[in-house]
Structure formats: C-alpha cells, structure tokens
Amino acid sequence: MIEATTAQTAAAGETAQVIDVREDFEVAEGMVPGARHIPMGQIPSRLDELDKARPVYVVCRSGNRSGRVAEALGSLGFEVYSMAGGMMQWHDEGRPVVSPA
C-alpha cells in the first residue's frame, strides 16, 4: 500500500477511482469531488464496481480505515493508494467538498 497526499488524490480524479470508505453519517459532511461512496464493510461485496485497470485512491476520516482497505485491495491485484490524513487533512487544507449523491 502506498500513501498519497491530498494533492495527489485531488489530481488523480480523472484517471483514477476515488473511493470513500466512511460511514453514511461521516460522508454527509462532504466528500472529495468525484469520489464514490462504498462503506468499508461493503467493499468485499462490491468489488465488481471497481476497475482493476485504473488506480484506486481510498479515502476515510483519518487514514486508518483507508490504509486497511488499500492493503486488502492491493492483495487482490489493484493498484491502490491510501490518502494520508484522510478527510481531516483534506478539510485542514481547505480543499473543496461535495455533498453525497
């Protein structure tokens, strides 16, 4: 698993998949623009929604859950990155957020 900065995650949006693994109540506070919400507990049953041909950037609140999900996805052959510092860092840097769909 490789850690990505918030800047790398923001820049990856068009070529990669950004997955937010937080719970619904956390996502309600805003998401990385372009991210898709798949709660951590649903990742195993929703793997078919991820494209192995494209890098995956995983986002959570602080970077802990995203690190665990990134390790799991990496073991399945995905090119995967965990956003260091999570949404806490994203907010601290004043980056934009969008409401969940």
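**Figure 1. Surroundings of valine 56 in the predicted model.** In this predicted model, valine 56 is in contact with Gln17, Ile19, Leu73, Phe78, Glu79, Val80 and Tyr81, leaving aside its neighbours within four places in sequence. Valine 56 itself belongs to strand 4. Its relative accessibility is 0%, under the 20% limit, so the residue counts as buried. Glycine 86 lies 30 residues from valine 56 along the chain, and the C-alpha atoms of the two are 15 Å apart.

**Figure 2. The two faces of strand 4.** In a regular strand the side chains alternate between the two faces of the sheet. In strand 4, Val56 and Val58 point one way. Tyr57 and Val59 point the other way. All of these residues are buried.

**Figure 3. Pairing of strand 2 with strand 4.** Strand 2 (residues 17–20) and strand 4 (residues 56–59) run parallel and are joined by 4 bridges. Valine 18 of strand 2 faces a residue of strand 4 across this pairing: tyrosine 57. Aspartate 20 stands opposite valine 59, also in strand 4. From strand 2, Gln17 and Ile19 point one way, whereas Val18 and Asp20 point the other way. All of them are buried. Among these residues, Gln17 and Ile19 are also in the list of contacts of valine 56.

**Figure 4. Pairing of strand 2 with strand 3.** Strand 2 pairs with strand 3 in the parallel sense, over 2 bridges. Aspartate 20 has histidine 37 as its bridge partner in strand 3. Strand 3 (36–37) is an edge strand of the sheet and pairs on one side only.

**Figure 5. Pairing of strand 4 with strand 5.** These strands pair in the parallel sense over 3 bridges. Tyrosine 57 stands opposite tyrosine 81 in strand 5. The bridge partner of valine 58 in strand 5 is serine 82. Val80 and Ser82 point one way from strand 5, and Tyr81 and Met83 point the other way. All are buried. Val80 and Tyr81 are among the residues in contact with valine 56.

**Figure 6. Pairing of strand 1 with strand 5.** Strand 1 and strand 5 pair in the parallel sense over 3 bridges. Isoleucine 2 stands opposite tyrosine 81 of strand 5, and tyrosine 81 also has tyrosine 57 standing opposite. Strand 1 (2–4) is an edge strand, with pairing on one side only.

**Figure 7. Threonine 9 in helix 1.** Threonine 9 lies in helix 1, which covers residues 6–12. With a relative accessibility of 1%, threonine 9 counts as buried. Beyond its neighbours within four places in sequence, threonine 9 is in contact with Ala4, Val18, Tyr57, Val59 and Met83. Several of these contacts appear in the strand views above. Val18 points from strand 2 the same way as Asp20; Tyr57 and Val59 point one way from strand 4; and Met83 points from strand 5 the same way as Tyr81.

**Figure 8. Helix 3 across strands 4 and 5.** Helix 3 (residues 64–75) lies across strand 4 and strand 5 (80–83). The helix runs at about 180° to strand 5. Leu73, one of the residues in contact with valine 56, falls within the residue range of helix 3.

**Figure 9. The sheet and the whole chain.** The sheet is open and consists of 5 strands in the order 1-5-4-2-3, with parallel pairing. Its edge strands are strand 1 (2–4) and strand 3 (36–37). The protein has 4 helices and 5 strands, and from the N terminus on its elements run β-α-β-α-β-β-α-β-α. Its radius of gyration is 12 Å, close to the 13 Å given by the globule rule for 101 residues, so the protein is as compact as a globular protein of that length. The C-alpha trace spans about 35 × 25 × 25 Å along its principal axes. Of the 101 residues, 43% are buried. Among contacts between residues at least 6 apart in sequence, 64% join residues at least 24 apart. The accessible surface comes to about 5300 Å², and carbon and sulfur atoms account for 50% of it.

**Figure 10. The span annotated in UniProt.** An unreviewed UniProt entry lists residues 12–99 as "domain: Rhodanese". In the model, the end C-alpha atoms of this span lie 19 Å apart. The span is 27% helix and 16% strand.

Note on methods. Residues numbered from 1 in each chain as written. Predicted model: local features only at pLDDT ≥ 70, side-chain atom pairs only at ≥ 80, totals over all residues. Heavy atoms only, no water. Pairing = 2+ DSSP bridges. Contact = heavy atoms within 4.5 Å. Axes fitted to C-alpha atoms, helices over the stretch in contact; angles between N-to-C directions. UniProt positions renumbered as here; feature names shortened; annotations may be inferred. Rg over C-alpha atoms; globule rule 2.2 N^0.38 Å. Buried < 20%, exposed > 50% of the residue type's maximum accessible area, 1.4 Å probe, protein only. Areas by Shrake-Rupley, 256 points an atom, 1.4 Å probe, with all protein chains shown as cover.
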